[in-house]
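Biologist: I have a structure here and would like to know what stands behind the labels people put on it. Could you take me through the reasoning?

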Amino acid sequence: QVQLVESGGGLVQAGGSLRLSCAASGSIFNINAMGWYRQAPGKQRELVASITRGGMTNYADSVKGRFTISRDNAESTVYLQMNSLKIEDTAVYYCSLWQRGLGIRSVDYWGQGTQVTVSS
């Protein structure tokens, strides 16, 4: 059983910063990549950022230059530093883990979600 435990969400004013963390635990035989998705009310879940074991990163166009994903392989932990937050970043953020492949259909494990709310 694999668990992804997220922390760091909350309420912040526009222009502020938050840092999300996600720690993976349990019987993990392989981690190809970890990342973050988000889902706003009435919208589809979308990729925010991902990072492979080798350090290759991928970002949604809407967060490039503002968000930074990083990873501690030894601790099976992934971080998302979010700067210059905008109201449209408001969503539930979900940690994701891929044992093979990438893409939303290949996600093997999801976190429980953490709310990020950006106010004006």
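Modeller: Gladly; what follows is a set of questions and answers on this predicted model.

Biologist: What makes Cys22 and Cys95 a disulfide?

Modeller: The cut-off is a sulfur pair within 2.5 Å. For Cys22 and Cys95 the S to S distance is 2.1 Å, so the pair meets the definition. By this rule the count comes to one disulfide.

Biologist: Why is the link of Cys22 and Cys95 said to tie together parts that are apart in sequence?

Modeller: Cys22 belongs to strand 3 (residues 18-26) and Cys95 to strand 9 (residues 91-98), so the bond connects parts 73 residues apart in sequence. The link is left-handed, with -85 degrees about the S-S bond. Both Cys22 and Cys95 are buried.

Biologist: What surrounds Cys95, then? Which strands pair with strand 9?

Modeller: Strand 4 (residues 33-39) pairs with strand 9 over seven bridges, in the antiparallel sense. One of the partners is Val92 in strand 9, matched with Gln39. Strand 11 (residues 114-119) is also antiparallel to strand 9, over three bridges, and there Ala91 stands opposite Val116. Strand 10 (residues 109-110) is joined to strand 9 by two bridges. Two strands count as paired if there are at least two bridges, so strand 10 qualifies as a partner of strand 9. Across that pairing, Ser96 faces Trp110.

Biologist: How do you know that strand 9 is mostly covered?

Modeller: Seven of the eight residues in strand 9 are buried. Tyr94 is a good case: its relative accessible area is 15%, and buried means under 20%, so the label holds.

Biologist: And on the side of strand 3, what makes strand 1 an edge strand?

Modeller: Strand 1 (2-7) pairs on one side only, and strand 7 (67-72) is the other edge. They belong to an open sheet of four antiparallel strands in the order 1-3-8-7. Its neighbouring strands are turned by 15 degrees against each other on average, direction ignored. Strand 1 and strand 3 share six bridges, with Val5 matched to Ala23.

Biologist: Back to Trp110. Why is its pair with Tyr37 called edge-to-face?

Modeller: Ring centres have to lie within 6.5 Å, and planes over 60 degrees apart count as edge-to-face. The rings of Tyr37 and Trp110 are 5.2 Å apart at 65 degrees, so both conditions are met. This pair spans 73 residues, from strand 4 to strand 10.

Biologist: Does the 6.4 Å pair of Tyr94 and Trp110 count as stacked or edge-to-face?

Modeller: Edge-to-face: the planes of Tyr94 and Trp110 stand at 85 degrees, and the centres are 6.4 Å apart. Ring pairs gather Tyr37, Tyr94, Trp98 and Trp110 into a cluster.

Biologist: Which of Tyr37 and Trp110 is buried, and which is partly exposed?

Modeller: Tyr37 has 4% relative accessibility and therefore counts as buried. Trp110, at 32%, is partly exposed, because that label covers values between 20% and 50%.

Biologist: What makes you say that Arg45 sits over the ring of Tyr94?

Modeller: The charged end of Arg45 is 3.7 Å from the ring centre of Tyr94, and the distance limit is 6 Å. Arg45 also lies over the face of Trp110, at 4.6 Å from the ring centre.

Biologist: Why is Glu46 called partly exposed?

Modeller: Its relative accessibility is 36%, so Glu46 falls between the limits of 20% and 50%. Glu46 lies in strand 5 (residues 46-52). Apart from neighbours within four places in sequence, Glu46 is in contact with Trp36, Tyr37 and Arg38.

Note on methods:
Residues are numbered from 1 along each chain as its sequence is written. This is a predicted model: local features need pLDDT of at least 70, side-chain atom pairs count only at pLDDT 80 or more; totals for chains, interfaces and linings use all residues. Side-chain values use heavy atoms; hydrogens and water are left out. Buried means under 20% relative accessible area, exposed over 50%, partly exposed in between (1.4 Å probe, protein chains only). Axes are lines fitted to C-alpha atoms, for helices over the stretch in contact, and angles run from 0 to 180 degrees between N-to-C directions. Contact means heavy atoms within 4.5 Å. Rings of Phe, Tyr and Trp (its six-membered ring) pair if their centres lie within 6.5 Å; planes under 30 degrees apart count as stacked, over 60 as edge-to-face and the rest as tilted. A charge sits over a ring if NZ of Lys or CZ of Arg is within 6 Å of the ring centre and within 35 degrees of the ring normal.
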